[in-house]
Amino acid sequence: MSRLWSERVQRFKQNRLGYFSLIVLGLIFFISMSAKWIANDKPLLVYYQQQYYLPILTSYPETTFGGVFETEADYKDPVVQRLIQTHGWMLWPMIRYAANTPNLDLQRSVPSPPSQDNWLGTDDQGRDVLARVLYGLRNALLFSFALSLASAVVGILVGAIQGYYAGWIDLIGQRILEIWSGLPMLFIVMILVSMFSPSIYWLFAIMLFFGWTSLVSLIRAEFLRSRHLDYVRAAKAIGVPNYLIIWRHILPNAITSSLSQLPFLLMANMTALTALDFLGYGLPPETASLGELLLQGKNNLTAPWLACAGFISLALVLALLICVGDAIRDATDPRQL
């Protein structure tokens, strides 16, 4: 098994486009996960009176730095900056704006075009677009990855049960799957989400409830084929429990075929989340998202940097996922053995 996987990894590396896409996608993922350290309205590190502080991780009252208020220090306040710089220094992130931090020093109306202070401009609320893109990518990737993983687990479980036991279980399962797959998921999710207060947990649960069917047919077909093989019959003959046969003998072979589908599943979930955000039924309003940025671009046609930032970010990630998925599919193709 280890030799088989090493050969697949080697074939994947030989696909230069897919391998390069995976590296770029990993870099984008790392940068987006580090959004808090790259774009924030708080310093990364404060040195004050021979002590170090981490405002990005801990909230400190203004009195900590010689101020008069017990509330959290506003590090962009000139008074606070002067107090700190008198007895120390501050290390700021590359972008001095968080996802929801407006630029209060703008000299023109919002949305404002790209400038030295806001590299990709600001949105219609004066928030930095580059910071919104970083945080939006982080939210989209984390949400889509978690949803894809949960959908894969449910789909593999249902497909394994259908394919292994076959008979009436498979027949009833297929009829339910046909009905479930025929439902207009996007419209149903929109209706259900509108019935509850905006919540990322409700959105995740509803999208999982209607999006678990992607891998069922593929896993079911693998189990229907494998259940008649000699090693499975031998395991049954010596009294191995069914759950052990499914888990240890058939599933490791069947799951390989579904591995190549995960990038495409991730792409579909990311696209669905962006569409819901664009329509106003996705993540909570104040949460940074690419769909919300595209919506702002539609509402502000005189500010093309809004739509371009959201579209290019989304298109780049989706294109990389397609290339990675194609490379994984070619590497795991049994005809290549």
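A polar contact is a pair of N or O atoms within 3.5 Å, of which, within protein, one must be able to donate a hydrogen and the other to accept it. In the predicted model examined here, the side chains of Glu-292 and Gln-296 form such a contact at 2.6 Å. Glu-292 belongs to helix α13, which covers residues 290-299. With a relative accessible area of 15%, Glu-292 is buried, because the limit for that class is under 20%. Apart from neighbours within four places in sequence, the residues in contact with Glu-292 are Arg-127, Arg-132 and Asp-277.

The backbone of Glu-292 is also engaged: its nitrogen lies 3.1 Å from a polar atom of the Ser-289 side chain. Ser-289 is situated in the loop between α12 (262-279) and α13. Like Glu-292, which is buried, Ser-289 counts as buried, at 7% relative accessibility. When neighbours within four places in sequence are set aside, Ser-289 is in contact with Gly-136, Asp-277 and Leu-283. Asp-277 therefore appears among the contacts of Glu-292 and among those of Ser-289, as contact means heavy atoms within 4.5 Å.

The overall architecture was considered next. The secondary structure of the protein consists of 14 helices and three strands. Its radius of gyration is 25 Å, whereas the globule rule gives 20 Å for 337 residues; the value is well over that expectation, so the protein is more spread out than a compact globule. Along the principal axes, the C-alpha atoms fill a box of roughly 80 × 45 × 40 Å. Buried residues make up 44% of the 337 residues. Among contacts with a separation of 6 or more, 66% are accounted for by residues 24 or more positions apart.

Surface composition and charge were also computed. The exposed area of the protein is about 18,300 Å², and 65% of this area is supplied by carbon and sulfur atoms. The protein carries 24 positive and 22 negative charges, and the mean positions of the two sets are 13 Å apart.

One pair of residues illustrates an approach in space across a separation in sequence. Ile-191 and Tyr-281 are 90 residues apart in sequence, yet their C-alpha atoms are 8.8 Å apart. Ile-191 is part of helix α7, residues 185-194, and counts as exposed, with a relative accessibility of 52%.

Several backbone features concern loops. The peptide bond that joins Val-110 and Pro-111 is cis, with omega about -5°. Pro-111 is located in the loop between β3 (88-91) and α5 (129-165). Positive phi values in residues other than glycine are found at Gln-50, where phi is near 65°, and at Ala-166, where it is about 50°. Gln-50 occupies the loop between β1 (45-48) and β2 (51-53), while Ala-166 lies in the loop between α5 and α6 (167-182). The two residues fall into opposite accessibility classes: Gln-50 counts as exposed, at 68% relative accessibility, whereas Ala-166 is buried, with a relative accessible area of 12%.

Key:
Residues numbered from 1 in each chain as written. Predicted model: local features only at pLDDT ≥ 70, side-chain atom pairs only at ≥ 80, totals over all residues. Heavy atoms only, no water. Helix = DSSP H or I, 4+ residues; strand = E, 2+ residues; numbered from the N terminus. Rg over C-alpha atoms; globule rule 2.2 N^0.38 Å. Buried < 20%, exposed > 50% of the residue type's maximum accessible area, 1.4 Å probe, protein only. Areas by Shrake-Rupley, 256 points an atom, 1.4 Å probe, with all protein chains shown as cover. Lys, Arg positive; Asp, Glu negative; His and termini not counted. Charge placed at Lys NZ, Arg CZ, Asp CG, Glu CD.
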